[in-house]
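Thanks for making the time, everyone. I would like to walk through a few ring contacts and then the pockets, so please have the viewer open.

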Amino acid sequence: MRSLVLAAAVWLLAAPGVAHAVPQPPHPFLGPAGSATMHGDAGSSDTTPYSGPGTGPLAVRADPLAAACPTLLQGRDGLVVALCTSIAGQVPTVHLLDPEHGSLAALPLVKGSLLGGVYAYLDQDDRLVAVDGERALVRVAHHRDADGRWRLEIAERTDLSGAIPQGDSVTGLVPDWSGNVWFATGRGVAGLRTPDGRTSTVDLGEQVANSISAAPDGHVAVATTHALYELTAPGGAARIAWRAPYDRGTARKPGQLSHGTGSTPTYFGPRTGSEYLTIVDSADAGVRVLVFRSGTGELVCAQPVLTAGGPGSENSPIGAGHSVFVAGTYGYPYPTVPGDAGPAVPPTAPFTGGLTRVDVDDAGCHTVWDSAIRSAAVPHLSTADNLLYTLTRHGPDTATPADGFSVTVLDPATGAVLADSPAPGTVLDDPLQMSPLILPDGRMLQGTVTGVLRIG
């Protein structure tokens, strides 16, 4: 009985905050934790170990690049590498950015699918790793030439066309702790490239519309439009460890880019940082955050979320300690969707937003708070200053080109808004549910439909 009382006391003391979150261990094949992937780390936690810009007045300025920039990464040298999609021709383009002075160099990659030019990561040598439209795994390095000008170049190129069918393209990409590079294609081919040059795949037979995540024990998570999977690779051969179907609803929802979950699966947990795995389903009446035990696929809980906002999410959940945060995107006015996304039902809807915190314990899950805030970006949690950062959309529920935006800081313990600073308020500066990057000096970069916002 005494041990139960003590455990309850520890839980109650920990529950209001999440700064005690345990990160995954250092990754030997990734850049810095918090800035090496779109979602921060290999587990897609959407957390950062750096303090953000805080709750004081903020300066916000736009850096136009004539491209939408969903992937902003920073290596150990302090330079930012962005994978953007140009407005003209929708060509994936790598930009090397100085945190102060904009683009230093640019390199277009071979065009693939719309989502094929989104997900990438920085390796341990600050090289951008992506798969281009020719189904080649490329590592893009940057350096100064003899005249002192910055250059981007493809330092390594590995042909994966033997493993990826013609007409297919890679959507998700992540390295594991053994140096294998895992990938998943839009048409459901998942596999890996080993350090010694072997490629192994498994056909999931279902569409993949989001990135993938890795845990230190060798498991890799892939969410298709029908089910959540964990994969392993004993002896370098990809295989399915378990599959868990979820309620995908009867059609794609407005404000989502596929008929299924919008989640990149997120590893989290209070002890190892990866004992749990979570996504959000896409049920018709309302959506739930689903929490599974990594390694076994046991369902821990299915908790309704976004009950104060819209019933759908295209964003990866934040996972930190025992807490999960889910942002709603139902009705968000994306200017385009992938060609294979299918029609939305209804075709349009008001953007009502929503942000929910759910905590997990041995008894299951419970909602801590449920907010109607209209997040227009993927929220990120700083475990250094224990604040939630996002951009919010202002205006009528039915979004218009005249809507305004602001940089919003929330208390993760209560969901209360602590600060709200105006951001450029035109359709050209729409953050479009993209993921921000918090820099070690406390500034924040936010991709938009036409470039990058510099905040702080």
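Trp242 and Phe292 are both buried, and I should say at once that we are looking at a predicted model. The two rings form a tilted aromatic pair, with 5.7 Å from centre to centre and 35 degrees between the planes. Since Trp242 belongs to strand 18, residues 239–245, and Phe292 to strand 21, residues 287–293, the pair ties together parts that are 50 residues apart in sequence.

A second tilted pair is made by Phe268 and Tyr276, whose centres are 5.3 Å apart and whose planes meet at 45 degrees; here too, both residues are buried. The structure holds 5 aromatic pairs, and there is also one aromatic cluster, formed by Tyr332, Tyr334 and Phe351.

Let me turn to the pockets. The largest pocket encloses about 650 Å³ of space, and of the 29 residues that line it, Pro70, Val118, Leu257, Leu432 and Met434 lie nearest its centre. Strand 3 (67–74) and strand 4 (80–86) each contribute at least two residues to that lining, which divides into 16 nonpolar, 12 polar and 1 charged.

For the second largest pocket, the volume is about 460 Å³, and its lining comprises 31 residues, with Pro23, Gln24, Ala33, Gly34 and Asp41 the closest to the centre. Two or more lining residues come from each of strand 1 (47–48), strand 19 (266–268) and strand 23 (318–320). By class, the lining of this second largest pocket has 16 nonpolar, 13 polar and 2 charged residues.

Definitions and conventions. Residues are numbered from 1 along each chain as its sequence is written. This is a predicted model: local features need pLDDT of at least 70, side-chain atom pairs count only at pLDDT 80 or more; totals for chains, interfaces and linings use all residues. Side-chain values use heavy atoms; hydrogens and water are left out. On a 1 Å grid over the protein atoms alone, a cavity is a set of points where a 1.4 Å probe fits but cannot get out, and a pocket is an open set with protein on both sides within 12 Å along at least five of seven lines; lining residues have an atom within 4 Å of a point. Grid points are joined across faces, edges and corners, and a volume is the space filled by probe spheres set on the points. Helices (H or I, at least four residues) and strands (E, at least two) are DSSP runs, numbered from the N terminus. Ala, Val, Leu, Ile, Met, Phe, Trp, Tyr, Cys and Pro count as nonpolar, Asp, Glu, Lys and Arg as charged, and the others, Gly among them, as polar. Rings of Phe, Tyr and Trp (its six-membered ring) pair if their centres lie within 6.5 Å; planes under 30 degrees apart count as stacked, over 60 as edge-to-face and the rest as tilted. Buried means under 20% relative accessible area, exposed over 50%, partly exposed in between (1.4 Å probe, protein chains only).
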